[in-house]
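I opened this notebook to keep track of what I looked up, one entry at a time, for a reader who has not met this structure before.

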Amino acid sequence: MNCQEVRILIDGYVDGELDPIRNQEVEQHFRTCPVCLTVYNSHRALRTALRTGSLYRTAPPALRNRVQSSFKPASTWKSLMGSPQWRWAAAAASLALVSVLTWRVALLPPTQTADDRLIQEVTASHVRSLMVSHLVDIQSSDRHMVKPWFTGKLDFAPSVADLIEQGFPLVGGRLDYVNGRAVAGLVYKRREHVINVFLWPSAAAVETRPLAHQGYHLVCWTQSGMTYWAISDLNSRELQEFVQLLQNQTPR
Ligand SMILES: [Zn+2]
């Protein structure tokens, strides 16, 4: 489940309206995504505040007197309902509701950038590949086996480099889903560290950029009309060394 899907379900989750499977999927996501967890916590805090009445404030006596004196005593309920005072009260009530809703919206974190979303998606895919023992669809250290495996599965041909002599053996390849499309996942290793490389065609031109997220190191770049993301729990220096080797072996 990605962040977008989780955000839609957060209200239902807070209100306990989700079925057990969805519930579990949302909780699973919270464990790997601190951003969604923060959104969830602010929803829950608002809900608690509304329930316990901690948002209730007693009006100062002066205000209370002024409001009360502005209401003339109404003879019957019926005449009150039709009275201008009642309409004012109704208007005030809607205004209060609008304020609560506005406040609720303001509590949400600022809109994520496309980059933030990609970083989270790439990290989630990396973590998932390690968790569910679905690291590779094709296990081979031979790039002449891995590259053709993607034929017919993707609308592009990923270039696959052989870096075993440099200490980054190829483990295999995997189909993955990132950025709203099917992408190639190439898996390399450095000692016991897994490196996932995701690539897909894109017109963007991005300089090589090292990033960090949730304890993982990431590097993104573009080359030959492809967007690349490499991610690993390997230290930043070795990951960047790996990226440089990969870039040198990839036709420009
Ligand atoms: Zn998330």
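The entries below go from the whole chain to the sheet, and then to the helices.

**Entry 1, overview.** I noted before anything else that this is a predicted model. I then looked up the secondary structure, which comes to 9 helices and 7 strands. Of the 252 residues in the protein, I found that buried residues make up 20%. I also checked how far apart in sequence the contacting residues lie: among contacts between residues at least 6 apart, 54% join residues at least 24 apart.

**Entry 2, the sheet.** I asked in what order the strands of the open sheet lie. The order I found for its 7 strands is 1-2-3-4-7-6-5, and the pairing is antiparallel. Strand 1 (138-139) and strand 5 are the edge strands, each of them pairing on one side only. At the strand 1 edge, I found 2 bridges to strand 2 (residues 170-178), with the two strands running antiparallel, and there glutamine 139 stands opposite glycine 172 of strand 2.

**Entry 3, helices on the sheet.** I next looked for helices that pack on this sheet, and noted helix 7 (residues 114-131), which touches strands 2, 4, 5, 6 and 7 and whose direction makes about 130 degrees with that of strand 4 (193-201). Helix 9 (residues 236-249) also packs on the sheet, touching strand 3 (181-190) as well as strands 4, 5, 6 and 7, and its direction makes about 20 degrees with that of strand 6.

**Entry 4, two hairpins.** I followed strand 5 (residues 209-213) into strand 6 (residues 216-223), and found them paired in the antiparallel sense over 5 bridges, with alanine 212 opposite histidine 217. This hairpin has 2 residues between its strands, and glutamine 214 takes a positive phi near 50 degrees in it. Strand 6 is also joined by 7 bridges to strand 7 (residues 226-232), again antiparallel, and here cysteine 220 has tryptophan 229 as its bridge partner. The hairpin of strand 6 and strand 7 has 2 residues between the strands, and in it serine 224 takes a positive phi near 50 degrees.

**Entry 5, a helix pair.** I last looked up helix 1 (residues 3-14) and helix 3 (residues 34-52), which pack at an angle of about 20 degrees with their axes 10 Å apart. That angle makes helix 1 roughly parallel to helix 3, and the crossing is right-handed. Helix 1 makes the contact through residues including Val6, Ile10 and Val14, while helix 3 contributes, among others, Val39, Tyr40 and His43. By class, I noted 8 nonpolar, 1 polar and 4 charged residues in this contact.

How values were computed
Residues numbered from 1 in each chain as written. Predicted model: local features only at pLDDT ≥ 70, side-chain atom pairs only at ≥ 80, totals over all residues. Axes fitted to C-alpha atoms, helices over the stretch in contact; angles between N-to-C directions. Parallel < 35°, antiparallel > 145°, perpendicular 65-115°, else oblique. Left-handed = near helix turned anticlockwise from the far one by under 90°. Contact = placed C-beta atoms within 7 Å. Nonpolar A, V, L, I, M, F, W, Y, C, P; charged D, E, K, R; others polar. Buried ≥ 20, exposed ≤ 12 C-beta atoms within 10 Å, placed from the backbone. Pairing = 2+ DSSP bridges.
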